[in-house]
Number of protein chains: 4
Amino acid sequence: MAWLPLSGKRTLGCQDVPVAKAQRSGRPRDPGVEQRALSAARAVYAERGWSGFSLDEVARRSGIGKGSLYLRWPDKAALLVAAVRERARFIAEIDTGSLRGDLVEFARGWRDYLRTDEGALIFRLGVDATFSPQLAEAFAEDPYPEHIRATRAIIRRGLARGELPEGTSVALVADLVAGAVTNHVHTTPAHLLDAQSPDRVDELVDVVLAGTQKRSEVPSGTSDL
Amino acid sequence: MAWLPLSGKRTLGCQDVPVAKAQRSGRPRDPGVEQRALSAARAVYAERGWSGFSLDEVARRSGIGKGSLYLRWPDKAALLVAAVRERARFIAEIDTGSLRGDLVEFARGWRDYLRTDEGALIFRLGVDATFSPQLAEAFAEDPYPEHIRATRAIIRRGLARGELPEGTSVALVADLVAGAVTNHVHTTPAHLLDAQSPDRVDELVDVVLAGTQKRSEVPSGTSDL
Amino acid sequence: MAWLPLSGKRTLGCQDVPVAKAQRSGRPRDPGVEQRALSAARAVYAERGWSGFSLDEVARRSGIGKGSLYLRWPDKAALLVAAVRERARFIAEIDTGSLRGDLVEFARGWRDYLRTDEGALIFRLGVDATFSPQLAEAFAEDPYPEHIRATRAIIRRGLARGELPEGTSVALVADLVAGAVTNHVHTTPAHLLDAQSPDRVDELVDVVLAGTQKRSEVPSGTSDL
Amino acid sequence: MAWLPLSGKRTLGCQDVPVAKAQRSGRPRDPGVEQRALSAARAVYAERGWSGFSLDEVARRSGIGKGSLYLRWPDKAALLVAAVRERARFIAEIDTGSLRGDLVEFARGWRDYLRTDEGALIFRLGVDATFSPQLAEAFAEDPYPEHIRATRAIIRRGLARGELPEGTSVALVADLVAGAVTNHVHTTPAHLLDAQSPDRVDELVDVVLAGTQKRSEVPSGTSDL
DNA sequence: CGGTAATCGAGACGGTACGTCGCGTCTTCGA
DNA sequence: TCGAAGACGCGACGTACCGTCTCGATTACCG
């Protein structure tokens, strides 16, 4: 298993030159500029946060002209999205053989990732994107966050192997696992998260799995409301 | 039961006058100013989001001098937090008698609330607060979001009534229910949410309850699954 | 006699606050800002010329925010015009008693003034204003350059005293004196101007006066063309 | 006599290829490029003035690469000087036989030329050059404006023919005639210039000639007037 | 006739200034 | 003293140009 940087084919928000095919005319864009910009953007963001995230500073630090930045990204939000996504991209190449193993692996990875600067940012960007038209556009190409996609794939595999009762909703299980972990990280004070035994999220997965199992046995639960 | 606007006595971030005793001297503060400011702040935030949230605009719209705003809130983050919280406050006076009933009630209410403008605001603000030190500080006095507090209260009552196995972690169940609902709302496209049968969240609660039940039967969490 | 700074009543391009009468409301403009700005503008212009004249630099040097500058002048041209005019204003309070004395006084003063940084600028601004709509607007309130007005006044006095033949065109004499001096300064290399005896411009005046005198004697000159 | 466009052999600021001898190797320069560039430069300068004179715009309009422009002129000032001079060049081939005739011819021509777009351009450029070191350098090779040279030649001829008293300063007379005409054009509102009888400048010349004549009669310049 | 070398249009590059806008503070008047 | 108004210093925004550079394509000559 691994959190691998995505060998992505997508440009990730970095504006393509209008022409589709190879080089058109004029001096070609220096690919190094893009890399330096994204790296400087991450550095500035890490130091000063979003409110202190200034394109002027990115330009100053990377030695890139502002013009060249605006040639690639339409505004500072887009640059930040690209910068963070580049690193945030991973494919949960999780395959322990069992559903539980996969989910535990995922839950731990996601928890740790969320506590990372990059993870925190990508998550928040996802939320902001729901609200900000500006950000939403930058995010539009890829509406489903990576972690949601990853969980669903794992669950589908489990279903195929018969580890989950037939008819179990993939989305439902995914919401439970990913949502619970996210909620956990965002509502637990940092010092408690640090102190916490690693099996906190394991328990979480167990409850979910037990729940789906049990429900298939007792048809309609305590539905006497 | 009800989602009641809190008849709060708390000042909610609105700075008290330095002197402890009531009025000191000079012209007393106009209470209308506070209301107009908060209302204008909500309007601006809704229209332009955090990055476009400008105190100058709030002042312009409400006809309040910037001085008067800074007399009450230390910076624009504090004003926004106060503005959103004022409306967002509710107490889940949920008491159906059974744990499942309460949780289902809560899950439905939270789901609907999240899709509300106000709910979206408070949720986003919470996320923003995780990242902006400025906002975080404004949030610090009251770190736990309302919905988390509400869920925990419900679960504690259930534990007391013996509806949950002894030793069940309150935080864990709360994370599962609240997190799953939140995740559900934010990762499901709007049109699917609309079309969805109301018992989507009911199922969710059932799985969680079944999970906690089952786990108490099988000794070890790291089962043979 | 003297080249006196004009005790001007005009605001000279510094934008008035919209309201006509005294103070309206809000914090009043700091008059010191205007002074510091104009002075810094002159300094920057002197050092770097028009092409290096940067508002950013003026702001930096004077410790004034760019916002405050743009509150007063619509663009950098207007600021420079104001800065230069403030110093350039003079009233040729020339009154030696005789026409020749006045004209000589004026011619010397104008020659020396033109060789000044400020004088050179005001002259060039006047020329540029003939061509640039932007500058023209800034200059519009005062189409006649100061030196033209001054010369005409002197000549009119001379006419009144009978020192010039009746019917002599004021404009014609003014063009001759002011134009010749201007042309002289702008076409003579600097080192020659420095070396030159002061009576160079005196001669000039004498030729003009002699010419007007003679023409009144011999009706139509050598008009045999 | 005539105001002839100069059939100039001079390169006029257009940089020679470093090698003295004709063509070295490689593709020869396209002569059309130079013409298109100068013409576009004049158009841009006429429309937007010096401050709005942008090489990018010249390149865009003429369809010439910026590289090709910098191959020919070292900077935008040089391009502009070349562009304006190309059209502005004339040789005052004036020879009516008499000094007065020549001067009147010159004065009329200069007056009309100044009111021309081209004349205005070259005049303004000359003034700008006095102030912008960049422009001045571009002008340096040819410091005396065409009209000054022309007047001086005329006057020298007059002196040689004995039409002026011996010892009369050529520069002085030239300043008077050329300066007065220039001043006249630039300080008289356009509608008055239009309405004006053509002999306005004739008078001017007469005064100057009369003045020089008279002065030779009365011994001391510093007369008793 | 193929190679070499300069030119051509195009446009990216690092900079710097533009003119605008917002923050949080300050300073006035009138209530 | 508060409240409205708005000036203040600061600094980021996104745009436009400068003068340089690097592309591929073109066009002469030279061997």
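Q: UniProt positions follow the numbering used here, feature names are shortened, and annotations may be inferred rather than shown by experiment. With that in mind, where in chain A does UniProt place the feature "DNA-binding region"?
A: The UniProt record, an unreviewed entry, puts this feature at residues 54-73 of chain A. The model is predicted, so local features need pLDDT of at least 70 and side-chain atom pairs count only at pLDDT 80 or more, while totals for chains, interfaces and linings use all residues. Residues are numbered from 1 along each chain as its sequence is written, chains are lettered from A and ligands numbered from 1 in the order written, and side-chain values use heavy atoms, with hydrogens and water left out.

Q: What is the helix content of residues 54-73 of chain A?
A: The span is 75% helix and 0% strand, where helices (H or I, at least four residues) and strands (E, at least two) are DSSP runs numbered from the N terminus. The end C-alpha atoms of this span lie 14 Å apart.

Q: How do you know which residues surround DNA strand F, and which are the closest?
A: A residue is near a molecule or strand if one of its heavy atoms lies within 4 Å of it. Around DNA strand F there are 54 residues, the closest being Tyr70(A), Asp30(B), Gly26(C), Arg72(C) and Leu55(D). Of the atoms of DNA strand F that come within 4 Å of the protein, sugar and phosphate make up 72%.

Q: What makes the pair between Tyr70(A) and a phosphate oxygen of DNA strand F a polar contact?
A: A polar contact is a pair of N or O atoms within 3.5 Å; within protein, one must be able to donate a hydrogen and the other to accept it, and residues adjacent in sequence count only if both atoms are side-chain atoms. A polar side-chain atom of Tyr70(A) lies 2.5 Å from a phosphate oxygen of DNA strand F, so the pair qualifies. Asp30(B) uses a backbone N or O atom, at 2.4 Å from a phosphate oxygen of that strand.

Q: Which helix gives the most to the surface near DNA strand F, and how many charged residues does that surface have?
A: H3(B) gives the most, with 4 residues. The surface has 25 charged residues (Asp, Glu, Lys and Arg), 14 nonpolar ones (Ala, Val, Leu, Ile, Met, Phe, Trp, Tyr, Cys and Pro) and 15 polar ones (the others, Gly among them).

Q: Which residues come nearest to DNA strand E?
A: Of the 51 residues around DNA strand E, the nearest are Arg72(A), Leu55(B), Leu55(C), Tyr70(C) and Arg72(D). A backbone N or O atom of Leu55(B) lies 2.7 Å from a phosphate oxygen of DNA strand E, and a polar side-chain atom of Arg27(C) is 2.9 Å from a base oxygen.

Q: Why is Asn183(D) called buried or exposed?
A: Buried means under 20% relative accessible area, exposed over 50%, and partly exposed in between (1.4 Å probe, protein chains only). Asn183(D) has 8%, so it is buried. Asn183(D) belongs to helix H9 (residues 170-187) of chain D. Beyond neighbours within four places in sequence, its contacts (heavy atoms within 4.5 Å) are His147(C), Ile148(C), Ala174(C), Asp175(C), Ala178(C) and Gly179(C).

Q: How do you know whether the span of helix H5 of chain B agrees with the expected one?
A: The expected span is 1.5 Å times one less than the number of residues. For the 17 residues of helix H5 (residues 99-115) of chain B that gives 24 Å, and the end C-alpha atoms are 24 Å apart, so the two agree. H5(B) is mostly covered, with 13 of its 17 residues buried.
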